[in-house]
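Here is a short tour of one protein model, written for someone who likes to check geometry by eye. Please keep the viewer open as you read.

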Amino acid sequence: FLISVLLVAADQFSKVWALAELEPFQGKPFIGEFLKFYLVWNDSAAFSIGFGVTWIFTLISSLATLVIIWLIFRTRSNAWKLTLATLLGGVIGNLADRLFRDPGFPEGHVVDFLQLPFGFPVFNVADICITGSMTVVVILIMRGVKLWS
């Protein structure tokens, strides 16, 4: 759980920084044109799926948090524990925004501030954790690493 806590902290601190230092909807190069800072607020899911139904994503994220915690306690595989801890950190990072940011509980908007080129959606540290851990889930399954030992 230390990994999850550290990832949630990294996500939330990076969002606090973005809110304090970036102008909304104004691109600011970070790594040239490859990675920019671009502050926006997201009230939907990835790729703007489910625009305007934030409370549903709050509910799904809350349930996902409970399931992930249950899985972490059930698995004996260190690879799965690390992957699930990373996923948990990402889910809680975005869930915290949905619970505590404007316009208010349970419909807060997620702070996104990282942008890649070619029209890729703006994202945050929690999104990196979620996407990265789900990529590892696919790899673990393909390699036959069992969740239950």
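The report below goes from the overall fold to a few individual residues.

## Overall fold

This is a predicted model, so please read every value here as computed from predicted coordinates. The protein contains 4 helices and 3 strands, and their order along the sequence is α-β-β-α-α-β-α. Its radius of gyration is 16 Å, close to the 15 Å that the globule rule gives for 149 residues, so the protein is as compact as a globular protein of that length.

If you want a frame for the view, the C-alpha atoms fill a box of roughly 50 × 35 × 25 Å along the principal axes. Among contacts with a separation of 6 or more, 61% are between residues 24 or more positions apart.

## Surface and charge

Of the 149 residues, 40% count as buried. The protein exposes about 8,800 Å², and 71% of that area comes from carbon and sulfur atoms.

The charges are worth a look too. There are 10 positive and 10 negative charges in the protein, and their mean positions lie 19 Å apart.

## Helix α1 and its partners

Helix α1 covers residues 2-21, and two of its residues make a handy pair to inspect. Serine 4 sits in this helix and is buried, with a relative accessible area of 4%. Leaving out residues up to four places away in sequence, serine 4 touches Ala85, Leu88 and Gly89.

Valine 5 also belongs to α1. Is valine 5 buried or exposed? Valine 5 counts as exposed, because its relative accessibility is 53% and the cut-off for exposed is over 50%. The C-alpha atoms of valine 5 and leucine 88 are 8.9 Å apart in space, although 83 residues separate them along the chain.

## The loop between α3 and β3

The loop between α3 (78-100) and β3 (110-115) holds arginine 101. Despite its charged side chain, arginine 101 is buried, with a relative accessible area of 18%; that qualifies because buried means under 20%. Its side chain makes a polar contact of 3.3 Å with the side chain of glutamine 12. Beyond its neighbours within four places in sequence, arginine 101 is in contact with Gln12, Lys15, Leu19, Ala96, Gly108, His109 and Val111.

Two prolines in this loop deserve a check of the backbone. Proline 103 lies between α3 and β3, and the peptide bond leading to it from aspartate 102 is cis, with omega near 10°. Proline 106 is found in that loop as well; a cis peptide bond joins it to phenylalanine 105, with omega about -15°.

## Backbone angles to check

Most peptide bonds are trans, and most residues other than glycine have a negative phi. Against that background, two phenylalanines are good stops on a torsion plot. Phenylalanine 25, in the loop between α1 and β1 (28-30), has a positive phi near 60°.

Phenylalanine 118 has a positive phi near 65° and is found in the loop between β3 and α4 (125-142). With a relative accessibility of 85%, phenylalanine 118 counts as exposed.

## Asparagine 124

The loop between β3 and α4 also includes asparagine 124. How accessible is asparagine 124? Its relative accessibility is 0%, so asparagine 124 counts as buried.

Which residues does asparagine 124 contact, apart from its neighbours within four places in sequence? They are Asp11, Lys15, Asn94, Val110, Val111, Asp112, Phe113 and Leu114. Two of these partners show up in polar geometry. A polar atom of the asparagine 124 side chain lies 3.0 Å from the backbone oxygen of valine 111, and a polar contact of 2.7 Å joins the side chains of asparagine 124 and aspartate 112.

Glutamine 12 offers a link back to the arginine discussed above: its side chain makes the polar contact with arginine 101. From asparagine 124, glutamine 12 is 112 residues away in sequence, while their C-alpha atoms are 9.6 Å apart in space.

Conventions:
Residues are numbered from 1 along each chain as its sequence is written. This is a predicted model: local features need pLDDT of at least 70, side-chain atom pairs count only at pLDDT 80 or more; totals for chains, interfaces and linings use all residues. Side-chain values use heavy atoms; hydrogens and water are left out. The radius of gyration is taken over C-alpha atoms; the globule rule is 2.2 Å times the number of residues to the power 0.38. Buried means under 20% relative accessible area, exposed over 50%, partly exposed in between (1.4 Å probe, protein chains only). Contact means heavy atoms within 4.5 Å. Accessible areas come from the Shrake-Rupley method with a 1.4 Å probe; for residues, only the protein chains shown count as cover. The place of a charge is taken as NZ of Lys, CZ of Arg, CG of Asp or CD of Glu. A polar contact is a pair of N or O atoms within 3.5 Å; within protein, one must be able to donate a hydrogen and the other to accept it, and residues adjacent in sequence count only if both atoms are side-chain atoms.
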